[in-house]
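Welcome to this tour. Please open the model in your viewer and keep the selection tool at hand; each stop says what to pick next.

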Amino acid sequence: RDLAVLDARVSGCRACPRLVSWREEVARVRRASFRDQDYWGRPVPGLGPADARIAVVGLAPAAHGGNRTGRVFTGDRSGDWIFAALWRAGLASQPTSTHVGDGLELTGVRVAAAVRCAPPDNAPTPAERDTCNPWLARELALLPRLRVVVVLGGFGWTAMWPVLAGAGYALPRPRPAFGHGAEVTLSGPRGELTVLGSYHVSQQNTFTGRLTEPMLDAVLSRATELAAG
Ligand code: SF4
């Protein structure tokens, strides 16, 4: 219930003028191409149950993916990758996510983005990342069983440390370098939390082979192993 309240609040956020303008302009221009759908054009909340032991944190919604459907990672190729991988890992009820109400259910995992509004060129500014960070902090705080955070990409990796510091976790100095398969275990008020790095499921990684399905599966397998411990 608290997550539902948070989801409703984040959906109404207008704190970043550039992103508010962009997300709404995209929705206005593209709505005509999707007449059968209610083009979202607002911040995209996270998805998954409050008893999740794993969180997966991406970069930001795509203009015609989450920004269109209103559900994180839903409706674009990045989502095709992550939901198929979650399904293979036993964390999703189906391998695809096309629209709200398509039957998808997540088990043991919450999926969210470091920045909740679609940015131009998929590139939020550091200031926008910092402005959006409190939403991620509140979301993770509402997952009392959280044991593992899988961070997709270096942008989310950078966004994660102030969130975890604010939650009382002791952070190593210097900050751990991002890499695929990077693993950092932290101690905090709720016990141990492990942060895992993965290349982002963006097309520039998946089309080029920088990120392969076995590579993503290996990170999620490690996450489920840690979450079960
Ligand atoms: Fe609000 Fe985050 Fe969207 Fe900025 S990016 S307007 S902080 S939801």
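Start by selecting Ser 97, which is buried because 28 other C-beta atoms lie within 10 Å of its own. A residue is called buried if 20 or more other C-beta atoms lie within 10 Å of its own, exposed if 12 or fewer, and partly exposed in between, with C-beta atoms placed from the backbone. Ser 97 lies in the loop between helix 4 and strand 2. Helices (H or I, at least four residues) and strands (E, at least two) are DSSP runs, numbered from the N terminus.

Before moving on, two notes on what you are viewing. This is a predicted model, in which local features need pLDDT of at least 70 and side-chain atom pairs count only at pLDDT 80 or more, while totals for chains, interfaces and linings use all residues. Residues are numbered from 1 along each chain as its sequence is written.

Now show what surrounds Ser 97. Leaving aside residues up to four places away in sequence, Ser 97 touches Arg 71, Phe 73, Thr 74, Gly 79, Phe 83, Asp 102 and Leu 104. Two residues are in contact if their C-beta atoms, placed from the backbone, lie within 7 Å. For a distance to try in the viewer, pick Ser 97 and Arg 42: they are 55 residues apart in sequence and 19 Å apart in space, C-alpha to C-alpha.

**Next stop: Phe 73**

Select Phe 73, one of the contacts of Ser 97. Phe 73 sits in the loop between helix 3 (66–69) and helix 4 (77–88). Is Phe 73 buried or exposed? Phe 73 counts as buried, because it has 28 C-beta neighbours inside 10 Å. Its phi is positive, about 60°, although Phe 73 is not a glycine. Most residues other than glycine have a negative phi, and most peptide bonds are trans.

Compare Asp 121, in the loop between strand 2 (109–113) and helix 5. Asp 121 also is not a glycine and has a positive phi, near 55°. Asp 121 counts as exposed, because it has 7 C-beta neighbours inside 10 Å.

For a peptide bond to inspect, go to Arg 173 and Pro 174: the bond from one to the other is cis, with omega near -5°. Pro 174 is in the loop between helix 6 (154–166) and strand 4 (183–188).

**Next stop: helix 4 and strand 2**

Colour helix 4. Its buried residues are Ser 78, Gly 79, Trp 81, Ile 82, Phe 83, Ala 85 and Leu 86. They pack against strand 1, strand 2, helix 7 (203–206) and helix 8 (213–228). After helix 4 comes Gly 90, with a positive phi near 80°.

Now turn to strand 2, where five of its five residues are buried. Val 109, Val 111 and Ala 113 point one way, and Arg 110 and Ala 112 the other way. In a regular strand the side chains alternate between the two faces of the sheet. Strand 1 (residues 54–58) pairs with strand 2 in the parallel sense over five bridges; two strands pair if DSSP finds at least two bridges between them. To find one bridge, select Ala 55 and its partner Arg 110.

**Next stop: strands 3, 4 and 5**

Strand 3 (residues 148–152) pairs in the parallel sense with strand 5 (residues 191–198) over five bridges. Val 149 stands opposite Val 195 there. Strand 4 and strand 5 run antiparallel and are joined by six bridges, with Ser 187 opposite Glu 192. A hairpin of two residues links strand 4 to strand 5.

**Last stop: helix 2 and the ligand**

In helix 2 (17–30), select Leu 19, Arg 23 and Ala 27, which are buried. What covers the buried residues of helix 2 includes helix 3 and helix 5. On the other side of helix 2, Pro 17, Arg 28 and Val 29 are exposed.

Finally, show the ligand. Which residues are closest to the ligand? They are Cys 13, Cys 16, Pro 43, Cys 117 and Cys 132, among 15 that surround the ligand. A residue is near a molecule if its C-beta atom, placed from the backbone, lies within 6 Å of it. Helix 5 (126–141) and helix 2 each supply at least two residues of this shell, and helix 5 gives the largest share, four residues.
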